[in-house]
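Open the model in your viewer and keep the selection panel at hand. The stops below go from whole chains to a pair of helices.

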2 protein chains.
Amino acid sequence: MKPQPTAAILVIGDEILSGRTLDSNSNYLANELTNNGINLSEVRVIGDEAKKISETVNFLRGQYDYIFTSGGIGPTHDDITAEAIATAFNVPLEINSAAVDLLASHYPNGKADINSARLRMCRIPEGATLIQNPISKAPGFSIENVFVMAGVPSIFRAMTDSTIPQLVGGDPLLSISVRIEKGEGDIATKLSEIAKKHKEVSIGSYPFSQNGRYGTMIVARHKDKDVLNKLERKLQNLM
Amino acid sequence: MKPQPTAAILVIGDEILSGRTLDSNSNYLANELTNNGINLSEVRVIGDEAKKISETVNFLRGQYDYIFTSGGIGPTHDDITAEAIATAFNVPLEINSAAVDLLASHYPNGKADINSARLRMCRIPEGATLIQNPISKAPGFSIENVFVMAGVPSIFRAMTDSTIPQLVGGDPLLSISVRIEKGEGDIATKLSEIAKKHKEVSIGSYPFSQNGRYGTMIVARHKDKDVLNKLERKLQNLM
């Protein structure tokens, strides 16, 4: 079995912290990472502050195998992620001619439409590799183990979809879900005994309430199908 | 003007990191904090690991005025937040008789229905204050500047609603939004000039696309209404 690399997501944006915008990007990427055998270990959300972005990126990239950022690479004054990443890696931020070509292809008059604001989106840290943006062309980029992507959800998803196949993942965990129409408090003692006997399996318990019925969804994750099949029968006995 | 205290949210749960569940609790609380003059500075999501929870809580509570946690206080084996918080504060975790009374009131046979699993939900760090749970009675708790709340969204919201009025907030920032039917790249240069002249105002720029129309929403935040009114006219000139 191939071991799973670890990952962290860094969501950047005052609009998330103020509550104006609900972050759905990390949930999208979390699912993609799980399906591809990469273990998402941490998510952080921070504001548009250059120093905080640089410091957090530098901390996370030392802790985890892959770091993904969301947000702050547009054309306006509050888009400071590219600059902060260049600072974190201590490399120059430069106008990338391939990025200019990509962006020019998006506008009717080509390069003539690339004003100084749009040119901001072509500033890429030296040595970085571009991440394609099929929606509005302005690219993201990766540098070492850090993948820098846009915050606009449709663009973030497109960048995720083009990035994921390039990553080396481990064997994805398989999972089973058992729905039990009893409250957590009624099954927790027996469930705990089962969990103790199967310490190699990650077993989560999640209460639900749906159309006036309440109950517990038990989710077990492991790499081996046979282990999960045996466990599934035990869990069904909780009903 | 009263200065704004700072806050962080710590979301705890493997189900968020695996992508199974989208966290909406931090967005709910973010809005409440903003409306009450508390500056949410950071959100972190981590998994169900006792050591990581204790360490993160201890780090965050030294950095920010208020810390809020979401998740991991139910009756099952994977609910380890209360224990981890007791470890972080180096205090015993004990059966809290007031919590037992609250929980007993939720069941037809009162205390006779409090089995060992449900009793787990009554383990509260010594010295903590209970946070009421009008939905299913099992309380959250606060200890010093850390507020420990349930992950189930309806319960998290109810706990937030009962906690917020007890916090000391600063003067909430006022905000204006100006909708401009032009792309960010078309207005960014002029917007940047405005932002430079109004460094005391936090100005964010957010692209949108709605029913095939795209444009930019500009959001400005400041404590003074007159400052915002003047700025609003300038921003409208970008149209």
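The tour begins with how to read the model.

This is a predicted model, in which local features need pLDDT of at least 70, side-chain atom pairs count only at pLDDT 80 or more, and totals for chains, interfaces and linings use all residues. Residues are numbered from 1 along each chain as its sequence is written, chains are lettered from A and ligands numbered from 1 in the order in which they are written, and side-chain values use heavy atoms, with hydrogens and water left out.

**Both chains.** Select chains A and B. A turn of 180° and a shift of 0.0 Å along the axis lay chain B on chain A with an RMSD of 0.0 Å (superposed by least squares on the C-alpha atoms of residues with pLDDT of at least 70 in both). The two copies are thus related as by a two-fold rotation axis. Now pick Arg44(B): of the residues of chain B, its C-alpha comes closest to that axis, at 2.2 Å.

**Chain A.** Colour residues 6-166 as domain 1 and 174-236 as domain 2; such bounds come from an automatic or database domain assignment. The C-alpha centres of these two domains of chain A are 37 Å apart.

**Two helices of chain B.** Select H3(B), residues 50-63, and H4(B), residues 81-89 (helices are DSSP runs of H or I, at least four residues, numbered from the N terminus). Where do H3(B) and H4(B) meet? Residues in contact (heavy atoms within 4.5 Å) include Ile53(B) and Val57(B) in H3(B), and Ile85(B) and Phe89(B) in H4(B).

Key: Axes fitted to C-alpha atoms, helices over the stretch in contact; angles between N-to-C directions.
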